[in-house]
Amino acid sequence: MRWPTSLRLSPQWAPYVLISPFLVLFAVFGVFPLGFSLYLAFQSWEPTSGLGAMEWVGLANFTFALGDEWFWKSLKNTLWLAVAAGAPQHLVAIPLAVFIHTRFIRFRDAAVGAYFLPYITSTVAVAIMFSSLFSTDFGLVNAGLHSLFGMEKIDWLNRPEHIKPAIALIVFWRYVGFNVVLYLAALQTIPKDLYEAATMDGASRWQQFWCITLPQLRPMIFFGVTLSVIGGLQLFEEPFILTGGKGGADQSAMTSAVYLYRMAFDFNDFGGASAMSWLLFIVVALLTWLTNRAFKPRGGSA
């Protein structure tokens, strides 16, 4: 079947027409919410009053956020969880990826799939599973600690000093496999000639790891750490489900993302929530820049 000449696309416009569905969806679900949230950050608005009830308040929402004790506490909780859950991911994922790369030849794909499985598992299912594991009376965690070390039962989910380590462990368990896959992919790009030359020169395995593997993994480490920083500061699902969206005892598990949700949907303050989201964006951008500076080669350009 031949299309009429009037309906045929010229080679100049065909690529833009073919990608237009993505551009339209991105504009509707990406650009518009982003711009609207920035607009809301300078407004006082309760959605139940309608769009006509918006009132321009200037920087009042930002001033309120910067003086809000709960906002600073949620940011502190978020940073604690980002470090406690993020740093161990890479400290474990790198040697684990090296071990799989060097020792697992025949069953490498099965091992990688097993470690990657938690990442693609439903967050709700993971949170429900861990809420059972951390149960005070019937959880396997307390049962194991009592059997191995004789420890008394720990109220993991209702004590401020225990719920944050529990959430950090869940986040670590979910994302360590993702980082293993990243580092394993990077390890496969390192030329074997480097290790062969180092072996001929008498370098030990530790020296090869420290002087060859880690420097060659540096770009991937930067990428993985950056993802951990961004993801850690946006942590929402695990603390929200485990605490029922209330932040836990003494708000010790209320992350910034959970507090933004509560500001918008519990307190009906969309302007304040939007202002806090942009402040969180500034924190994410700052920490990402610091990460870039930390991994920047000395004497090189950013």
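**View 1. Valine 98 sits in helix H3.** Welcome to this predicted model; a single residue makes a handy starting point. Valine 98 is buried, because its relative accessible area of 19% falls under the 20% limit used for that word. For a sense of scale, look from valine 98 to glycine 224: the two are 126 residues apart in sequence, and their C-alpha atoms are 16 Å apart in space. Valine 98 also turns up in the next view, among the residues closest to the centre of the largest pocket.

**View 2. The largest pocket has a volume of about 630 Å³.** Its lining is made of 19 residues, and those closest to the centre are Val98, His101, Thr102, Tyr195 and Arg205. Which helices each supply at least two residues of this lining? They are helix H3 (69–103), helix H8 (192–200) and helix H9 (205–233). H3 provides the largest share, with 6 residues. Sorted by class, the lining has 8 nonpolar, 6 polar and 5 charged residues.

**View 3. The second largest pocket has a volume of about 510 Å³.** Here 17 residues form the lining, and Ala257, Leu260, Ala273, Ser277 and Leu280 are the closest to the centre. Helix H1 (14–40), helix H11 (256–266) and helix H12 (270–295) each contribute at least two lining residues. H12 gives the largest share, 8 residues. How many charged residues does this lining have? It has no charged residues, with 13 nonpolar and 4 polar ones making up the lining.

**View 4. The largest nonpolar core has 24 residues.** To find your way in, look for Phe62, Tyr259 and Met276, which have the most contacts inside this core. Helix H2 (60–66), H3, H9, H11 and H12 each supply at least two of the core residues. H12 gives the most, with 8 residues. Some of these helices will be familiar from the pockets: H3 and H9 help to line the largest one, while H11 and H12 help to line the second largest.

**View 5. Lysine 153 and aspartate 137 form a salt bridge between two loops.** A search of the whole structure finds 5 salt bridges, and in this one the closest N and O atoms are 3.7 Å apart. Lysine 153 lies in the loop between helix H6 (140–149) and helix H7 (160–187), and aspartate 137 lies in the loop between helix H5 (123–133) and H6, so the pair ties together parts that are 16 residues apart in sequence. Is lysine 153 buried or exposed? Lysine 153 counts as exposed, because its relative accessibility of 56% is over the 50% limit. Aspartate 137, at 49%, counts as partly exposed.

**View 6. Glutamate 161 and arginine 159 meet in a salt bridge.** The distance from N to O in this pair is 3.2 Å. Glutamate 161 is partly exposed, with a relative accessible area of 42%. Arginine 159 also counts as partly exposed, at 41%.

**View 7. Aspartate 266 and arginine 262 form a salt bridge in helix H11.** Their side chains come together at 3.3 Å, N to O. The two residues are 4 residues apart along H11, about one turn of the helix. Which of the two partners is buried, and which is partly exposed? Arginine 262 is buried, with a relative accessible area of 9%, whereas aspartate 266 is partly exposed at 35%.

**View 8. An unreviewed UniProt entry marks transmembrane regions along the chain.** The annotation "transmembrane region" covers residues 13–42, 79–100, 112–134, 166–186, 217–236 and 270–290. Two of these stretches are picked out here. Over residues 112–134 the chain is 87% helix and 0% strand, and the end C-alpha atoms lie 27 Å apart. Residues 270–290 are 100% helix and 0% strand, with 30 Å between the end C-alpha atoms.

**View 9. UniProt also places the feature "domain: ABC transmembrane type-1" at residues 75–291.** This feature, too, comes from an unreviewed entry. In the model, residues 75–291 are 78% helix and 0% strand. The C-alpha atoms at the two ends of this stretch are 18 Å apart.

Notes:
Residues are numbered from 1 along each chain as its sequence is written. This is a predicted model: local features need pLDDT of at least 70, side-chain atom pairs count only at pLDDT 80 or more; totals for chains, interfaces and linings use all residues. Side-chain values use heavy atoms; hydrogens and water are left out. UniProt positions are given in the numbering used here, feature names are shortened, and annotations may be inferred rather than shown by experiment. On a 1 Å grid over the protein atoms alone, a cavity is a set of points where a 1.4 Å probe fits but cannot get out, and a pocket is an open set with protein on both sides within 12 Å along at least five of seven lines; lining residues have an atom within 4 Å of a point. Grid points are joined across faces, edges and corners, and a volume is the space filled by probe spheres set on the points. Ala, Val, Leu, Ile, Met, Phe, Trp, Tyr, Cys and Pro count as nonpolar, Asp, Glu, Lys and Arg as charged, and the others, Gly among them, as polar. A salt bridge is a side-chain nitrogen of Lys or Arg within 4 Å of a carboxyl oxygen of Asp or Glu. Buried means under 20% relative accessible area, exposed over 50%, partly exposed in between (1.4 Å probe, protein chains only). A nonpolar core is a set of buried Ala, Val, Leu, Ile, Met, Phe, Trp, Tyr and Cys residues joined through side-chain atoms within 4.5 Å.
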